[in-house]
Amino acid sequence: MSTVLSNFDSWKEFLAERLEQGKKLGLDEEAIGNLAYEIGSFLDEKVDPKNEEQRVLKEIWDVGDENERKTIARLMVKLVGHR
């Protein structure tokens, strides 16, 4: 996992692959958004950002309230879903 986190493009590719797997399993957008929020929360608490892009996301995440964090998570899903 740390290799995936070291490069932002690799991280987006990893997320895109997980998104496709979730869709194939029948997860709807709300479920995927909730999972993305949970992953974001985990990363915020347990993982030090490995690059500038992740550091910016963490700083934005840290100043956001719960609703704003959910929006960030949904936007990340949207970002990797439009490749």
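Here is a short tour of the pockets and nonpolar cores in this predicted model.

Start with the largest pocket, which holds about 680 Å³ of space. Select Trp-11, Leu-15, Ile-39, Gly-40 and Leu-43: of the 30 lining residues, these lie nearest the pocket's centre. Now colour helix 2 (8-24), helix 3 (29-46), helix 4 (52-63) and helix 5 (66-81), the elements that each give two or more residues to this lining. Switch to colouring by residue class and you'll get 22 nonpolar, 4 polar and 4 charged residues around the largest pocket.

Next stop: the second largest pocket, at about 220 Å³. Pick out Leu-19, Lys-23, Glu-29, Ile-32, Gly-33, Arg-74, Val-77, Lys-78, Gly-81 and His-82 to see its lining. Helix 2, helix 3 and helix 5 are the elements that supply two or more residues here, and helix 5 has the largest share with 4. Sorted by class, this lining splits into 3 nonpolar, 3 polar and 4 charged residues.

Now hide the pockets and go for the packing. The largest nonpolar core has 11 residues, so grab the full set: Val-4, Leu-5, Phe-8, Trp-11, Leu-15, Ala-16, Leu-19, Ile-32, Leu-43, Met-76 and Val-80. Helix 1 (2-6) joins in this time, along with helix 2, helix 3 and helix 5, each giving two or more residues to this core. Helix 2 gives the most, 5 residues.

Last selection: a second, separate core of 5 residues, with Ala-36, Trp-61, Ile-72 and Ala-73 among them.

Before you close the viewer, click back on Trp-11, Leu-15 and Leu-43: they belong to the largest nonpolar core and are also among the residues nearest the centre of the largest pocket.

Note on methods:
Residues are numbered from 1 along each chain as its sequence is written. This is a predicted model: local features need pLDDT of at least 70, side-chain atom pairs count only at pLDDT 80 or more; totals for chains, interfaces and linings use all residues. Side-chain values use heavy atoms; hydrogens and water are left out. On a 1 Å grid over the protein atoms alone, a cavity is a set of points where a 1.4 Å probe fits but cannot get out, and a pocket is an open set with protein on both sides within 12 Å along at least five of seven lines; lining residues have an atom within 4 Å of a point. Grid points are joined across faces, edges and corners, and a volume is the space filled by probe spheres set on the points. Ala, Val, Leu, Ile, Met, Phe, Trp, Tyr, Cys and Pro count as nonpolar, Asp, Glu, Lys and Arg as charged, and the others, Gly among them, as polar. A nonpolar core is a set of buried Ala, Val, Leu, Ile, Met, Phe, Trp, Tyr and Cys residues joined through side-chain atoms within 4.5 Å. Buried means under 20% relative accessible area, exposed over 50%, partly exposed in between (1.4 Å probe, protein chains only).
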